[in-house]
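Me: Please take a close look at a single part of this model, and then carry on to the other parts. I am in my first year, so take it step by step.

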Amino acid sequence: MSGLLAKRILEIPPSPTLSVNAKAAELKAQGIDVLSFAVGEPDFDTPVHIRDAAKKALDDGQTRYTPVPGTPELRKAIAEKFKNDNGLEYSIDQITVNCGGKHSFYNLCQAILDPGDEVIVPAPYWVSYPPMVMLAEGKPIIVPTTQENQFKPTRADLEAAITSKTKALVLNSPSNPTGSVFSSAELDMVADLARQHDFLIISDDIYEMIMYDGLTFDTIAGRPGMIDRTLVLNGVSKTYAMTGWRIGYMAGPEEIIKGVNKIQSQSTSNPNSIAQAATIAGLRGPQDFIGRMLVQFKKRRDYVLERLNKIDGVSCHTPGGAFYVFPKVDGVYGGKAGDLEITGSVPLAEYLLSGANIAIVPGAAFGDDACIRISYATALETIEEGLNRLEKALKDLS
Ligand SMILES: Cc1ncc(COP(=O)(O)O)c(C=O)c1O
């Protein structure tokens with residue numbers, strides 16, 4: 001039988017970051033010494049007090065369905081977090097808990113997009129934004145940016161992309177893959193456009209706590225009039241090293257949150273009850289884990305930047321947050337490794353995996369073929385060896 005799959009599935013790629021990682025794991029299983037810099041997760045264990053809270057929840061019998069948007073206790077803890085960290089006031093009916101930040105974004109697209117609605121996505125973007133918009137039959141409008149502008153769109157860039165069909169704009173600061181952080185003035189500019197042209201802001205704040213160099217997190221939702229047109233997405237995956245627990249959350253106008261809950265009630269139901277209990281411990285418990293993690297991340301970021309910027313044909317801007325670098329590598333394009341010509345980031349990634357046993361994600365996956373993404377959420381010794389291999393592999397190109 002032909003035509004088994006729906007058109008909308010055929011139109012989207014699988015997550016390239018997850019597939020690079022799967023390929024690296026496959027090679028590792030064959031005994032090949034592959035070093036992976038592809039994955040977007042902290043290499044730390046979930047803090048003990050969070051794991052203990054999960055064990056207690058299990059023993060206390062918190063093993064049943066919870067309300068679809070999460071337990072009232074968890075939503076209360078999230079409301080406290082928004083108030084204390086971001087100065088944002090939400091009732092618990094304006095908050096929903098989902099099965100990871102990715103799921104929050106997916107549900108949101110399903111809730112707000114009609115066919116043909118446009119969502120502005122500045123590039124480089126997190127790989128999953130455009131496909132999730134497309135799965136809701138929306139149209140991602142990609143706005144390219146430049147390394148010179150630290151991969152952030154200017155007012156003119158955004159104005160050129162706005163049409164009468166613009167429903168929302170995606171803001172991700174600090175950004176995956178670039179680590180770029182929007183300044184307060186840039187947030188003012190985006191807020192101004194949203195008010196003027198009447199569209200929503202989807203503010204994906206998942207890397208909120210992972211910032212360096214004295215930078216502090218600022219939220220667009222706090223600008224005048226913006227609380228009613230901003231969906232704030234966050235989660236525990238990155239902040240508390242809880243990627244496997246699958247908890248993300250979102251706050252915004254109650255009407256939209258209700259729509260999201262309707263979708264969730266007809267698909268996944270509530271997120272995992274034990275993980276919800278653990279998340280309360282994460283949000284309300286000691287936060288010193290984050291500071292310790294940041295010390296390690298910053299050491300690694302500085303090392304990676306120093307090494308990369310010394311390699312011919314490579315240049316890297318300094319990311320203010322997250323745990324990725326996004327170097328421009330098109331200086332080596334045109335080089336050859338045997339029969340393989342490096343015509344872009346995809347063949348470069350293939351060459352690095354097969355020729356140097358290092359896994360990185362091609363920039364093309366994020367909408368910028370001139371770059372590659374390297375995650376430094378891995379031990380410094382591994383990073384050092386990986387950069388030795390990268391440097392040699394690039395030198396070996398003829
Ligand atoms: C920008 C961004 N948003 C959201 C997520 C979702 O993370 P999770 O689904 O683990 O909460 C990720 C994970 O890589 C991300 O990089």
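Reply: In this predicted model, strand S7 covers residues 230-235, and 6 of its 6 residues are buried, so the strand is largely enclosed by the rest of the structure. A residue counts as buried if 20 or more other C-beta atoms lie within 10 Å of its own. In a regular strand the side chains alternate between the two faces of the sheet. It is therefore worth taking the two sides of S7 one at a time. Thr230, Val232 and Asn234 are on one side, and Leu231, Leu233 and Gly235 are on the other. Every one of these residues is buried, and both faces of S7 are covered.

Next come the neighbours of S7. Strand S6, residues 200-204, is joined to S7 by 4 bridges, and the two run parallel. In this pairing, aspartate 204 stands opposite leucine 233 of S7. Strand S8, residues 248-251, is also joined to S7 by 4 bridges, but S7 and S8 run antiparallel. Here valine 232 stands opposite alanine 251 in S8.

Another part of the model has a sheet of its own to examine. This open sheet has 3 strands in the order S9-S14-S13, with antiparallel pairing. Strand S9 (324-325) and strand S13 (361-362) stand at the edges and have a single partner strand each, so one side of each is left without a neighbour in the sheet. S14, residues 372-375, pairs with S13 over 2 bridges in the antiparallel sense, and proline 362 stands opposite isoleucine 372 in S14. S9 is joined to S14 by 2 bridges as well, and these strands run antiparallel. The bridge partner of valine 325 in S14 is isoleucine 374. As for the side chains of S14, Ile372 and Ile374 point one way, Arg373 and Ser375 point the other way, and all are buried.

Helices can be described by how their axes cross. The axes of helix H11 (residues 288-308) and helix H13 (residues 380-395) come within 11 Å and cross at roughly 10°. Angles under 35 degrees count as roughly parallel, which makes H11 roughly parallel to H13. H11 brings Lys299, Arg300, Tyr303, Val304 and Arg307 to the contact, while H13 brings Leu380, Ile383 and Leu387. Sorted by class, this contact of H11 with H13 has 5 nonpolar, no polar and 3 charged residues.

The model also has a ligand. It is surrounded by 13 residues, and the closest are Gly100, Gly101, Lys102, Asn176 and Ser237. The shell around the ligand divides into 2 nonpolar, 9 polar and 2 charged residues.

Last, there is a residue to set against the buried strand. Serine 2 lies in the segment before helix H1 (7-10). It has 4 C-beta neighbours inside 10 Å, so serine 2 counts as exposed, whereas the residues of S7 are buried. Serine 2 and valine 314 are 312 residues apart along the chain, and their C-alpha atoms are separated by 46 Å.

How values were computed. Residues numbered from 1 in each chain as written. Predicted model: local features only at pLDDT ≥ 70, side-chain atom pairs only at ≥ 80, totals over all residues. Near = placed C-beta within 6 Å. Nonpolar A, V, L, I, M, F, W, Y, C, P; charged D, E, K, R; others polar. Axes fitted to C-alpha atoms, helices over the stretch in contact; angles between N-to-C directions. Parallel < 35°, antiparallel > 145°, perpendicular 65-115°, else oblique. Contact = placed C-beta atoms within 7 Å. Buried ≥ 20, exposed ≤ 12 C-beta atoms within 10 Å, placed from the backbone. Pairing = 2+ DSSP bridges.
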